[in-house]
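Please read these notes with the model open beside you. They go point by point, starting at the ligand.

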Amino acid sequence: EKKLLMHVGPVNILDRVLYAGLKNNVGFTSQEFVEAFQFSLKKTRELFQADNTYQPFLIPGGGTSAMESVTSLLKEGEKVLVVTNGVFGDRWINIFRKYPVKVNVLSAEPGYYVEPETVEKEVKKDKYTLVTFTHVETSTGVRQPIKDSVKAVRDYVDLVVVDGVSSVGAEEVKAKDWRVDVYLTASQKALGVPPGLGILVLSERAMERLKDEKSIAGYYLDLRNWLPVMNSMENGKASYFSTPPVHTILMLSEALKIIIDEEGLESRIKRHEKVASAIRAGIEGMGLEIVAKKPEAYSNTVTGVVVKKVNAGNVLSEIVSEGVELAPGVHPKLQGKYFRIGHMGWVTENDAIVTIASIERVLNKLGEEIRLGEGIKATQLYLAK
Ligand code: PMP
């Protein structure tokens, strides 16, 4: 059955991408797979606006495996700074606390981000090996001003890591120009591929750290074990450390062909921006509040919507019968008070119309006080501009 998945990943997937993975006879040593892997590695550099000095990695798992693999760059006793605006920023704390490193945290209230100046002050005060940022905090839809944030810390720490799980493929990302050491994402978000892959690029400085035999990393997510596979695949030769998600990589390869060679990164980012703005126009038009507190913090991929009278959970179950699936609010401080609209991947202007119209009907039915019809009008007017 047809359903519009305005979720935070997986999202609706193009038939062409899905069909690329519908193969019954592709082994991990086959030429077809090696070529898809090789192509994906090369296109991954472009995706992150990195160059040949950056090493791309495709590893099994997703955003979390990519995050945890960053432990490959740390040694016992080193100190890390986590800059967090919500649940996924906090995930770095949960990861690092499993390892013998010191963790310090700067956090913002839901709807806000930690100001770059605040981070700058902290890294000047203390010696940190590594600092983490979350480009778009999926739990609230808040976008960190990442260029300025990286700039504020760049000269004071060894390694700058950015979680781009909800940004890569939908927001401006410039790994090289901003001198980010590790930029990471996952397959199921703005790339519009099924889940299964963590995707990273590492700077020369980050790669230098992999030469050291010692790190706090475990076995499966130690990037030292994955590096020979990446090198071999990029040179067109099969290699094995642990079985890769073959079919997801076939689909990623097709998606990257569309994203970079056909749609173009710039057009893709513009499309995301337009659809996101049209959706927010609709939300404000019907008289609802957005979780992100200032327009600079609005993201191209996720919008949190605050409800006053109705339970956010009821909105989600009710709207499914309208053919639309949205994402629950997951920030513990706003439990039951908001839901999220994911607008990423292959999302279209018409998807914005359908989403806003369905939200209006459902909220009206459930008894939330909204200006019925004004949301869809605002969306339409925005798109017609
Ligand atoms: N970081 C961010 C910003 C995310 O949105 C997510 C997933 N929602 C993750 C990390 C974790 O990714 P995964 O669920 O693929 O492990």
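Which element gives the most to the shell around the ligand? Helix α3 does, with three residues.

1. Ground rules. This is a predicted model, in which local features need pLDDT of at least 70 and side-chain atom pairs count only at pLDDT 80 or more, while totals for chains, interfaces and linings use all residues. Residues are numbered from 1 along each chain as its sequence is written, and side-chain values use heavy atoms, with hydrogens and water left out.

2. The ligand shell. There are 14 residues around the ligand. A residue is near a molecule if one of its heavy atoms lies within 4 Å of it. Gly63, Thr64, Thr138, Asp163 and Lys189 come nearest. The shell divides into four nonpolar, seven polar and three charged residues. Here Ala, Val, Leu, Ile, Met, Phe, Trp, Tyr, Cys and Pro count as nonpolar, Asp, Glu, Lys and Arg as charged, and the others, Gly among them, as polar.

3. Polar contacts to the ligand. A polar contact is a pair of N or O atoms within 3.5 Å; within protein, one must be able to donate a hydrogen and the other to accept it, and residues adjacent in sequence count only if both atoms are side-chain atoms. Look at threonine 64: an N or O atom of its side chain is 2.5 Å from a ligand oxygen. Glutamine 188 places a polar side-chain atom 2.9 Å from an oxygen atom of the ligand. For lysine 189, the partner is a ligand nitrogen, at 2.8 Å. On its own the ligand has 390 Å² of accessible area, and the protein covers 85% of that. Accessible areas come from the Shrake-Rupley method with a 1.4 Å probe; for residues, only the protein chains shown count as cover. Two elements, α3 and α4 (87–96), give two or more residues each to the shell. Helices (H or I, at least four residues) and strands (E, at least two) are DSSP runs, numbered from the N terminus.

4. The main core. The largest nonpolar core has 87 residues. Such a core is a set of buried Ala, Val, Leu, Ile, Met, Phe, Trp, Tyr and Cys residues joined through side-chain atoms within 4.5 Å. Leu47, Phe48, Phe57, Val182, Tyr183, Leu184 and Leu202 have the most contacts inside this core. Helix α9 (residues 246–263) supplies the largest share, ten residues. Another core, of 34 residues, lies apart and includes Val275, Ala297, Phe339 and Ile359. In soluble globular proteins, nonpolar side chains tend to be buried together.

5. Tyrosine 183. Contact means heavy atoms within 4.5 Å. Neighbours within four places in sequence aside, tyrosine 183 is in contact with residues including Phe48, His135, Trp178 and Val201.

6. Threonine 71: buried or exposed? Threonine 71 counts as buried because its relative accessibility is 1%. Buried means under 20% relative accessible area, exposed over 50%, and partly exposed in between (1.4 Å probe, protein chains only). Threonine 71 is in the loop between α3 (63–68) and β3 (79–84). Beyond four places in sequence, it touches Ile95, Phe96, Tyr99, Ser215, Ile216 and Ala217.

7. Alanine 170. This residue is in the loop between β8 (159–163) and β9 (182–186). Alanine 170 is at 0% relative accessibility, so it counts as buried. Its C-alpha atom is 6.4 Å from that of arginine 268, although 98 residues separate the two along the chain. Not counting residues up to four places away, alanine 170 touches Ala190, Ile269, His272, Asn300 and Thr301.

8. Proline 60. Find this residue in strand β2. Proline 60 is buried, because its relative accessibility is 10%. Its contacts beyond four places in sequence include Gly196, Tyr220 and Trp226. The C-alpha atoms of proline 60 and alanine 170 are 22 Å apart.

9. Backbone points to check. A cis peptide bond joins glycine 9 and proline 10, with omega about 0°. Proline 10 is in the loop between β1 (4–5) and α1. Glutamine 49 has a phi near 55°, a positive value in a residue other than glycine. It is in the loop between α2 (31–47) and β2 (55–61). Arginine 179 also has a phi near 55°, and is in the loop between β8 and β9. With 44% relative accessibility, arginine 179 counts as partly exposed.
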